[in-house]
Amino acid sequence: MAALRFSANLSWLFPELLGLPARLRAAGSSGFEAVEVAWPYAEPPEVLARAAREAGLRLVLINTPPGDQEKGEMGLGAVPGRQAAFRQGLEQAVRYAKALGCPRIHLMAGRVPQGADRRAVKAEMEIVFLENLRHAAGVLAQEDLVGLLEPINTRITDPQYFLDTPQQAAAILQKVGRPNLQLQMDIFHWQIMDGNLTGNIREFLPIVGHVQVAQVPGRGEPSSPGELNFPYLFQLLEDEGYKGFVGCEYQPQGEGWPWGRELWRDWTGAVFSLSAEMPRPPSPYRRHSRGLELATFILG
Ligand SMILES: *[C@@H]1O[C@H](CO)[C@@H](O)[C@H](O)[C@H]1NC(C)=O
């Protein structure tokens, strides 16, 4: 049984640092081996590639560009009339992925157009998405890249988002039927939409290419207060044989490093803490915290 591997989401972590190179350095010196970033496009890929190399990190996920954010766009994959822009964005993402050695691209679905009724446009948007995904699958296959579909919750975070449940995403993936298109499981969104995490994780894990985590409802780190039991969920992912990365996509709560102070209370925190100069936690934690044992195992 392989230990989970974690990736620091640099769009969310180290918010006190400006610019991706600085965040890459911070992630590297915090003990991460991998990072992900939603939109790396503000900096030339060569600059990022060098910063990642120097920090000893590999990049495991980027997103397609959001489109025109001032007009409220949040991805273009399923947006009628924006097919050309989606394809351009895909080209840009592929260029970055290649330069950065990043194997996965999240193909953002986008939002239901403002003023439109979701039920009225759903069929049309799905047709657009399917066409764009077939195109993307071909482009990505040439470069040996994987495309990911991520359902985002429409109850709280983004009420206009088109793709909002794993069931919907899995049905679309099945219609496209290309092995290099997979599901991105953000446990935060899944809990808010449907709960039933044990059932849904087991059901969909075979088509999952990337996982992301945050506590619910505050979207803090897994050790922050909330309704998700992360030691259980991490164990479940391991038991089910998940081999990919777990992206740390949360707003760090409290001061400083989320895992810098009360590390041993926290499964993920433990993973990173033991690689740094933090003292080993007292034995009761070691006995009771499955994560800590795992961390010790990872870091040997
Ligand atoms: C939980 O999820 C599984 C797999 O998706 C499904 O078969 C089951 O019906 C769900 N249970 C509930 C109570 O919704």
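This passage describes the chain as a whole, the surroundings of its ligand, and several individual residues in a predicted model.

The chain contains 11 helices and 8 strands. It has 300 residues, and 56% of them count as buried. Among the contacts in the chain with a separation of 6 or more, 74% are made by residues 24 or more positions apart. The accessible surface of the chain amounts to about 13200 Å², and carbon and sulfur atoms contribute 50% of that surface.

The ligand is surrounded by Asn196, Gly199, Asn200 and Glu203. Two of these residues can be described at the level of single atoms. In Asn196, a polar side-chain atom lies 2.3 Å from an oxygen atom of the ligand. In Asn200, an N or O atom of the side chain is 2.9 Å from an oxygen atom of the ligand. On its own the ligand has 360 Å² of accessible area, and the protein covers 38% of this area. By residue class, the shell around the ligand consists of 3 polar residues and 1 charged residue, with no nonpolar residue.

Asn196 also has a backbone feature to note. Its phi is positive, at about 45 degrees, although Asn196 is not a glycine. The residue is located in the loop between H6 and H7.

Helix H7 spans residues 197-204, and its buried residues are Leu197, Asn200, Ile201 and Phe204. These residues lie on the same side of H7 because they cover an arc of only 100 degrees around the axis. Several other elements take part in covering the buried residues of H7. Among the helices are H5 (166-176), H6 (187-193) and H8 (230-239). The cover also includes strands S6 (181-186) and S7 (208-213). Asn200 thus appears twice in this description, as a residue around the ligand and as a buried residue of H7.

The loop between strand S3 and helix H3 provides two further examples. Thr64 lies in this loop, which connects S3 (58-63) and H3 (83-100). With a relative accessible area of 2%, Thr64 falls under the 20% limit and is therefore buried. Apart from neighbours within four places in sequence, Thr64 is in contact with Trp39, Tyr41, Leu90, Ala93, Ile105, His106, Leu107 and Met108.

Val79 is located in the loop between S3 and H3 as well. Its relative accessibility is 9%, so Val79 counts as buried. When neighbours within four places in sequence are left aside, the contacts of Val79 are Ala109, Gly110, Arg111, Met125 and Val128. One of these residues, Ala109, is 30 residues from Val79 along the chain, and the two C-alpha atoms are separated by 7.4 Å.

Phe129 belongs to helix H4, which comprises residues 118-142. The relative accessible area of Phe129 is 0%, and the residue is therefore buried. Residues up to four places away in sequence are again not counted in its list of contacts. Phe129 touches Gly77, Ala78, Leu107, Ala109, Leu149, Phe162, Leu163 and Ile172. Ala109 is thus in contact with Phe129 and with Val79. Likewise, Leu107 is a contact of Phe129 and of Thr64. Between Phe129 and Pro80 the distance is 8.6 Å, C-alpha to C-alpha, with their positions 49 residues apart in sequence.

The loop between S7 and H8 holds three residues to be described. Pro217 has its place in this loop. The peptide bond that joins Val216 and Pro217 is cis, with an omega of about 5 degrees. Arg219 lies in the loop between S7 and H8 too. Although Arg219 is not a glycine, it has a positive phi of about 60 degrees. The relative accessible area of Arg219 is 10%, so this residue counts as buried.

Pro225 is also part of the loop between S7 and H8. Whereas Arg219 is buried, Pro225 counts as exposed because its relative accessibility is 76%, over the 50% limit. Pro225 and Gln253 are 28 residues apart along the chain, and 9.9 Å separates their C-alpha atoms.

Conventions:
Residues are numbered from 1 along each chain as its sequence is written. This is a predicted model: local features need pLDDT of at least 70, side-chain atom pairs count only at pLDDT 80 or more; totals for chains, interfaces and linings use all residues. Side-chain values use heavy atoms; hydrogens and water are left out. A residue is near a molecule or strand if one of its heavy atoms lies within 4 Å of it. A polar contact is a pair of N or O atoms within 3.5 Å; within protein, one must be able to donate a hydrogen and the other to accept it, and residues adjacent in sequence count only if both atoms are side-chain atoms. Accessible areas come from the Shrake-Rupley method with a 1.4 Å probe; for residues, only the protein chains shown count as cover. Ala, Val, Leu, Ile, Met, Phe, Trp, Tyr, Cys and Pro count as nonpolar, Asp, Glu, Lys and Arg as charged, and the others, Gly among them, as polar. Buried means under 20% relative accessible area, exposed over 50%, partly exposed in between (1.4 Å probe, protein chains only). Helices (H or I, at least four residues) and strands (E, at least two) are DSSP runs, numbered from the N terminus. The arc is that of the directions from the helix axis to the C-beta atoms. Contact means heavy atoms within 4.5 Å.
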